[in-house]
Amino acid sequence: MSKDENLKSNNDDTQWPLWEVFTQPREGKPHEHAGSLHAPDAEMALENARDVYARRKEAVNIWVVPSEQIVASKGEDAGPFFDPADDKPYRHPQFYSVPRATKRRS
Amino acid sequence: MEDSTKREAFQERIDKGETIEPKDFMPDRYRQQLIRMMSQHAHSEIVGMLPEGNWITRAPSLRRKLILLSKVQDEAGHGLYLYSATETLGASRQEVIDDLLNGRAKYSSIFNYPTLSWADVAVIGWLVDGAAIINQTMLARSSYGPYARAMVRICKEESFHKKQGYEMVAKMAEGTPEQQEMIQDAVNRWWWPTLMMFGPHDDDSPNSAELIKWGVKSKTNDELRQSFVDRHVQEAHTVGLEIPDPDLEYNEETGHWNFGEIDWDEFWKVVKGNGPMNRERLNARRKAHEEGEWVREAAEEYARKRKLRQEKVS
Ligand SMILES: [Fe+2]
Ligand SMILES: [Fe+2]
């Protein structure tokens, strides 16, 4: 990936902002990350997203979000970041033992 | 220096079949190898539009024209999925594309062969996309999340590519004597270059072992090539076409087809840039890029004006 400094870049003009694309596959379903693309503004990002990620009705709705606006937790910190949830088994139904109520016929 | 405990932990994650995501730790070499492999893959999709695009205006019917247009458009989409996945590794798209336009990057050699007749369009769909499916189905299980997910998306579309090609192959194979001759001629010319798509023998493929260790690939070049041969020989025979290989023979013991040796001199010649269409393809890419400049300018101007208008309103 060495960029040859002597050669003028052929495409200084294609580095538009990067957008993350989220598609909703069907009504009632949550949006899911599909990929990303470059576009000069939000509206063109939406149109490009339709042409790239929904050529076969893969989506009934699309979100585009400027990539730099996304704040993500770090993979390496997964342990410490999520460990507040580690010692709280009482948040799960399996934690409890209850008498079994049987169906009464009369 | 990366510390070795991190690298060991990374290898452990791979061995457990975990998926590596963009923000996770990864050894530099893993990142570099993936950038190389994924950008080459992206370039192949883009350059791959040229040999078939060449026939769009001469398609024999409106149906075939619609199909071909939509296939070639899919390939552009595949290129974009892959460029976008490559960017998640920190590669700049501009540099990656510069590398292609300036002839520093590689792409699949298959696209450096010419498409001489309409039958080539049929055979490319059947054989070249058929080979791509075998390779990409494996890559859909690759250890790098964005790559694997792009592959899943691509594989769904490739089955249409292969099927439309095979349909056309079958039609021509039962057509007029001229059509039969055309289709056999196309198979004769594309068979060997397609086998070369899987790359050198395992012994001559220095990257292979490393990529397998890292879970990027799960099968060797020769294994993939064998499954391609097994599947496509059957399909050729089903429609009465011959495979141009005198050594082709079914092996009862292994259940596989034995086949002849690839012409490796030709393989390396094309890889090194001296194939029949290498120069032509790159020139076509550069020309397309230059001629698209006004479209990019117009898009930018349109965005600028719309922003101005919105500012005025508010
Ligand atoms: Fe493709
Ligand atoms: Fe394809």
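These legends accompany several close-up views of a predicted model.

**View 1. Chain A at a glance, with its 2 helices and 3 strands.** Following the sequence from start to end, you will meet these elements in the pattern β-β-α-β-α. Chain A has 106 residues, and buried residues make up 27% of them. Take the contacts in chain A between residues at least 6 apart in sequence: 41% of these join residues at least 24 apart.

**View 2. The open sheet of chain A, built from 3 strands in the order 2-1-3.** The pairing in this sheet is antiparallel. Strand 2 and strand 3 (61–66) of chain A stand at the edges with a single partner strand each, so one side of each has no neighbour in the sheet. From one strand to the next, the twist averages 30°. Helix 1 (residues 42–53) of chain A packs on the sheet and touches strand 1, strand 2 and strand 3 of chain A. The direction of helix 1 makes about 115° with that of strand 2 of chain A.

**View 3. Strand 1 and strand 3 of chain A, paired in the antiparallel sense.** Look here for the 6 bridges over which strand 1 and strand 3 of chain A pair. A handy landmark is Gln24(A), which stands opposite Asn61(A) in strand 3 of chain A.

**View 4. Strand 1 and strand 2 of chain A, running antiparallel.** These two strands of chain A are joined by 6 bridges. To find your place, start from Phe22(A), which stands opposite His33(A) in strand 2 of chain A. Of the 7 residues in strand 2 of chain A, 5 are buried, so this strand is largely enclosed by the rest of the structure.

**View 5. The second largest pocket, with a volume of about 1,200 Å³.** Its lining counts 37 residues. Those that lie nearest the centre of the pocket are Glu20(A), His33(A), Gly35(A), Thr88(B) and Arg149(B). You may recognise His33(A) from the previous view, where this residue of strand 2 of chain A stands opposite Phe22(A). The elements giving two or more residues to the lining are strand 1 (18–24) and strand 2 (32–38) of chain A, along with helix 4 (62–87) and helix 7 (145–173) of chain B.

**View 6. The lining of the second largest pocket, sorted by class.** Here the lining divides into 13 nonpolar, 10 polar and 14 charged residues. Helix 7 of chain B gives the most to this lining, contributing 7 residues.

Technical notes. Residues numbered from 1 in each chain as written. Chains lettered and ligands numbered in written order. Predicted model: local features only at pLDDT ≥ 70, side-chain atom pairs only at ≥ 80, totals over all residues. Heavy atoms only, no water. 1 Å grid on protein atoms, 1.4 Å probe; cavity = no way out; pocket = protein on both sides within 12 Å on 5 of 7 lines; lining within 4 Å. Points joined across faces, edges and corners; volume = space filled by probe spheres on them. Helix = DSSP H or I, 4+ residues; strand = E, 2+ residues; numbered from the N terminus. Nonpolar A, V, L, I, M, F, W, Y, C, P; charged D, E, K, R; others polar. Pairing = 2+ DSSP bridges. Axes fitted to C-alpha atoms, helices over the stretch in contact; angles between N-to-C directions. Contact = heavy atoms within 4.5 Å. Buried < 20%, exposed > 50% of the residue type's maximum accessible area, 1.4 Å probe, protein only.
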